[in-house]
Amino acid sequence: MNKIIQETFEQYKINNAKLISYGFVLQNNIYTYKTLIVNNQMLLTISVDVKGNIDTQVFDLESEEVYTLFLAEGASGVFVGEVKNAYQKVLIDIREKCFDKTNFTSKYALQIIDYIYNKFGDKPEFLWSKTPRNAVFRRYDNKKWYSAILTTKAKSIGINSENIVELIDLRVPLNLPSQIIDYKNFFPAYHMNKNNWITINLSDCDFPIENIFTFIGVSHDIAGKK
């Protein structure tokens with residue numbers, strides 16, 4: 001995912017039905033859309049997978065080569081600017097017509113918010129103006145945190161990627177993190193005590209959502225202890 005895609009679609013969630021209406025074609029779980037840009041000199045292909053991950057390719061029809069110069073930091077020139085502007089214009093149009101604005105975009109994060117509200121009656125609290133996409137959940141009786149859904153760069157939890165990921169922080173029994181950290185689903189607690197909190201990567205998780213619900217229940221109980 002390049003920087004333009006990341007900035008354009010940050011805080012937006014895919015709407016599959018709208019993609020089809022826009023003209024995307026679904027094949028092998030990938031939605032694909034093609035359009036000509038820059039006076040029909042370039043073919044722009046946009047691919048979106050079922051998780052909402054976006055990939056693009058700009059193909060120069062004259063040279064018959066993939067064109068990437070417009071993505072390079074500091075690249076300049078009239079033609080480079082034309083390609084970049086046309087590219088961004090198409091992406092913004094797709095965002096406005098095929099994506100829904102939301103604080104969180106991962107399927108797991110949205111399911112967790114619904115689960116917590118239905119189970120405990122708690123809603124996410126957005127406490128920080130500098131990080132408006134970070135939220136906490138607190139017990140209604142003692143106001144202790146038992147969960148936080150956070151948005152950060154993947155590299156912040158040790159993943160070699162510039163992608164943005166959504167995480168959930170949860171309380172766990174003392175020293176359990178050292179037994180279950182696998183750097184795939186479970187990570188050392190992000191911004192929490194690493195001895196009794198755990199972080200789960202919600203953006204790329206193959207851990208069943210029902211098991212995460214169980215962890216949330218345990219965290220809620222731990223936060224209720226004196």
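**Strands, cores and charged pairs in a predicted model**

In the hairpin formed by β4 and β5, four residues lie between the strands, and Gly52 adopts a positive phi near 95°. The structure described here is a predicted model. The two strands of this hairpin run antiparallel and are joined by seven bridges. Among the paired positions, Met42 has Asp60 of β5 as its bridge partner. The residues of β5 divide between two faces: Ile54, Thr56, Val58 and Asp60 make up the covered face, whereas Asp55, Gln57 and Phe59 make up the uncovered one.

Strand β5 also pairs with β6, in the antiparallel sense and over two bridges. Here Asp60 stands opposite Glu65 of β6. Four residues separate β5 and β6 in this second hairpin, and Glu64 in the turn has a positive phi of about 60°. Most residues other than glycine have a negative phi. Glu64, located in the loop between β5 and β6 (65-66), shows its positive value although it is not a glycine. Because its relative accessibility is 60%, above the 50% limit, Glu64 counts as exposed. Asn39 is likewise not a glycine, yet has a positive phi of about 55°. Asn39 belongs to the loop between β3 and β4, and it counts as exposed because its relative accessibility is 70%.

The nonpolar interior was examined next. The largest nonpolar core comprises 28 residues, and Ile46, Val48 and Phe99 have the most contacts inside it. Two or more residues are contributed by each of α1 (3-9), β1 (12-14), β3 (30-37), β4 (42-49), β5 (54-60) and α3 (78-98). Of these elements, α3 gives the most, with eight residues. When neighbours within four places in sequence are left aside, Val48 is in contact with Ile14, Leu19, Phe24, Asn29, Ile30, Tyr31, Asn53, Ile54 and Phe99. Another core, of 25 residues, lies apart from the one that holds Val48; Ala135, Tyr146, Ile149 and Phe186 are among its members.

A further part of the model is an open sheet of five strands, arranged in the order β8-β9-β10-β12-β11 with antiparallel pairing. Strands β8 (135-138) and β11 (186-188) stand at the edges; each has a single partner strand, so one side of each is left without a neighbour in the sheet. From one strand to the next, the twist averages 25°. Four bridges join the antiparallel strands β8 and β9, and Phe137 has Ser147 of β9 as its bridge partner. Helix α4 (residues 107-120) packs on the sheet, where it touches β8, β9 and β10 (164-171), and its direction makes about 165° with that of β9. Helix α6 (residues 209-223) lies across β9, β10, β11 and β12 (197-201) and runs at about 45° to β10.

Ser147 illustrates the surroundings of a position within this sheet. This residue is part of strand β9 (residues 145-153). Ser147 counts as buried because its relative accessibility is 0%, and the limit for that class is under 20%. Apart from neighbours within four places in sequence, Ser147 is in contact with Ile116, Val136, Phe137, Ile168, Asp169, Leu170 and Trp197.

Charged residues were considered last. Side chains of opposite charge can pair when their charged atoms come close. The structure holds eight salt bridges, three of which are described here. In one of them, Glu96 is joined to Arg95, and the closest N and O atoms are 2.7 Å apart. Glu96 counts as partly exposed because its relative accessibility is 46%, whereas Arg95 is buried, with a relative accessible area of 17%.

Glu166 forms a salt bridge with Arg133, the closest N and O atoms being 3.4 Å apart. This pair links distant parts of the chain, 33 residues apart: Glu166 lies in strand β10 and Arg133 in the loop between α4 and β8. Both Glu166 and Arg133 are buried. A further salt bridge joins Arg139 to Asp141, with 2.7 Å between the closest N and O atoms. Arg139 counts as buried because its relative accessibility is 13%, while Asp141 is partly exposed, with a relative accessible area of 44%.

Terms used. Residues are numbered from 1 along each chain as its sequence is written. This is a predicted model: local features need pLDDT of at least 70, side-chain atom pairs count only at pLDDT 80 or more; totals for chains, interfaces and linings use all residues. Side-chain values use heavy atoms; hydrogens and water are left out. Buried means under 20% relative accessible area, exposed over 50%, partly exposed in between (1.4 Å probe, protein chains only). Contact means heavy atoms within 4.5 Å. Two strands pair if DSSP finds at least two bridges between them. Axes are lines fitted to C-alpha atoms, for helices over the stretch in contact, and angles run from 0 to 180 degrees between N-to-C directions. A nonpolar core is a set of buried Ala, Val, Leu, Ile, Met, Phe, Trp, Tyr and Cys residues joined through side-chain atoms within 4.5 Å. A salt bridge is a side-chain nitrogen of Lys or Arg within 4 Å of a carboxyl oxygen of Asp or Glu.
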